[in-house]
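With the model open in your viewer, please follow the stops below in order, making each selection before reading what is found there.

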Amino acid sequence: MFKKIVIANRGEIACRIIRACREMGIASVAVYSEADRAGLHVQMADEAVGIGPPPAVESYLHMDRIIEAVRETGAEAVHPGYGFLAENPEFARRLEKEKIVFIGPNSRALELVGDKVRARQTMEKAGIPIIPGMKRVADDFAEYAAEAKAIGYPVMIKASAGGGGKGMRIVCSEEDLRPALEAGRREAKSAFGDESVYLEKFIENPRHVEFQVLADNDGRIVHLFERECSIQRRHQKIIEETPSPALTPELRQRMGEAAKRVLEVSGYNNAGTVEFLLDREKRFFFLEVNARLQVEHPVTELTTGIDLVHRQIRIAAGEKLDLKQEELSQRGHAIECRIYAEDPANGFLPSAGKILFLQEPKGPGVRYDGGIFSGWDVPIYYDPILAKLIVWAETREAACRRMRSALDDTVILGIKTTIPFLKDIISHPRFREGATTTGFIKDHFGDWKEKEASGETEILSLASAAFFDSRKTSEAGVLSVRAKEQYSPWRMLGKWRIGEKSDLSGE
Amino acid sequence: MEFEYLVKAESRRVSLEKKGEHWIFRAGDQTLEADVRIISGNAFSLIVGGTSHLVGIADHKDTIYVSLDGTTLTLKRPGAEEKRFEKGEEGSKEGITVVKAPMPGKVVKINVAENDAVRKNQTLAIVEAMKMENEIKSPMDGVIKKIHSSAGDLVDSEKSLIEIEPKT
């Protein structure tokens, strides 16, 4: 087993991996950009190495600096988390050359599945159903336009190196194609350092169902069942759950076997996720392989009892997979809500800034994976994920109730977050019925506004603000409030005290 | 002691007074008697008529964030509003509309030049934050009078990006 691992990531996922290292008796090394010096992952890690300025290309995406950090600290392996260099075959190859273990798939498998276009070709050959669309990246705009026409609008632009919704655009007509391609390429370039994009038929209102798979270095493969991730905004998941309300045992088994086959034909090892779209007729299509630990991995952990990060590290260290497909089962129901620094009432605009107060949820069946703390200044440079809230309960309905309650317990003050939006989704009757598709948010929450606070909540808030300010005043003896007070009827009250501190009646 | 807050731009006054172990709050014609305990600098426990409320509270400049019973409210101390008017003045010259950055981020591209005629909803600029591009659209038909930013600039929320003179 490794003695020391570098975690080439930040935020909640870096914290999650550092915890796994601690539990396994492995020393952890955090890397950080200048914007993250005070970050939670730096606080938690055993060692920390600065790797450059805030923009990701100069730090978390900078391979030389990360390899230097490995050398400098004498670490044996790198866990890339998700995003950044997690699915970059060049990075995996460089580590292989340097005799540093990459905790993820081998570079050839990464290269294959990371190239969404090549992956589509391979899967089609292996008899896995794929979405109709391009099987190569076009040379110029004319070719894209011709392909789009052949596929038939609406089409979806996807980053060839993609994932996580970055670079994706739906295009409904030819006149929108050029600007959408431009934007998609820019976004892909910025997210993955590769601007190639391709087009696929846009399947309307499908479910997004993915399978978690583990493969060891000798080709033993098991799947750990599905996650349904249909609740998305901007093609990015915000709520995930397992089991999927849409799968029958028979369909689950067929999809699970297809997922294993996908990894097999890719020569894949370590943890991976095979994403499928499930259309209204419950036909499934291969979407892509996410060759990394997924954001939503905890729902699988809670229902299968398998710790995916521990497994990733053990597989990378050369251990044989001792799990047998027939012995694996799903128990109960788990849901994850992603808490993002975004304003859900305003087009999900990012909302960077200082977190003034944080209250983390607790309780039976509640898991909170966070990367923030009270006083943390959320930087503008990275993905806006702040934390994930995951619950487990015996049934889906019980899990929904537990999630709603845990969301009520989660308080983040100072920036806008998706929390109020998530509460309304979890409480929505269609969500409760399990009628979840990728169009769910557009269909039911297109013009969402936060509910007006009740009169009672409002007066309690005013009272709380007044009490808060009165304490501040008494602590600091603020003159402006005192001056104002001269005109206030409450001056007539004479002596009054707050806590044990100052006395303002002396004027 | 009396305080004034803006709740969604509406002015509300609230007074508080200690009465024995309790606090009396008055806002308009509403009176509230609460048993208040300080949990931390950012949390109070309120018991009002036997109902228990946990309050999370924090402030930044003139904004106060209050969370209770699963709802978060934003209140402003009135000073904030006055300052905003002052700040807005320099941009809001007669007949000119100032397009501001909606959030802190980096200007990726300015799609227009001074003296360009623009249509309503035309993309004027692209600002990126947290790896997402956000298109800044023109609020009206008009002519670009002045551009305050260029590609690569880091901008704060509310920073003036572009001035537009509406088409008459």
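Begin by colouring the two chains separately: in this predicted model, chain A and chain B bury about 5,600 Å² between them, with 68% of that area on carbon and sulfur atoms. If you then select the residues in contact, you should have 60 residues from chain A and 61 residues from chain B.

Next, turn to the charged and polar pairs across this boundary, where 6 salt bridges are counted between chain A and chain B. To look at one of them, select B:Lys109 together with A:Glu182, whose closest N and O atoms lie 3.2 Å apart. Under the rule for polar contacts, 13 residue pairs are found across the interface of chain A and chain B, with both residues of each pair at pLDDT 80 or more.

Now hide chain B and consider the side of chain A that touches it, to which several elements give two or more residues, among them helix H8 (174-192), strand S22 (411-413), helix H16 (455-476) and helix H17 (479-485). Select H16(A) in particular, since the largest share of this side, 18 residues, comes from that helix. Coloured by class, the side of chain A that touches chain B shows 30 nonpolar, 11 polar and 19 charged residues.

For the last stop, select helix H10 (residues 297-304) of chain A, which is largely enclosed by the rest of the structure because 7 of its 8 residues are buried. The buried residues of H10(A) include A:His297, A:Pro298, A:Val299 and A:Glu301. Step just past the end of H10(A) and you reach A:Gly305, which takes a positive phi of about 75°.

Technical notes: Residues are numbered from 1 along each chain as its sequence is written. Chains are lettered from A and ligands numbered from 1 in the order in which they are written. This is a predicted model: local features need pLDDT of at least 70, side-chain atom pairs count only at pLDDT 80 or more; totals for chains, interfaces and linings use all residues. Side-chain values use heavy atoms; hydrogens and water are left out. Contact means heavy atoms within 4.5 Å. Buried area is the accessible area (1.4 Å probe) that two parts lose on being put together, summed over both. A salt bridge is a side-chain nitrogen of Lys or Arg within 4 Å of a carboxyl oxygen of Asp or Glu. A polar contact is a pair of N or O atoms within 3.5 Å; within protein, one must be able to donate a hydrogen and the other to accept it, and residues adjacent in sequence count only if both atoms are side-chain atoms. Helices (H or I, at least four residues) and strands (E, at least two) are DSSP runs, numbered from the N terminus. Ala, Val, Leu, Ile, Met, Phe, Trp, Tyr, Cys and Pro count as nonpolar, Asp, Glu, Lys and Arg as charged, and the others, Gly among them, as polar. Buried means under 20% relative accessible area, exposed over 50%, partly exposed in between (1.4 Å probe, protein chains only).
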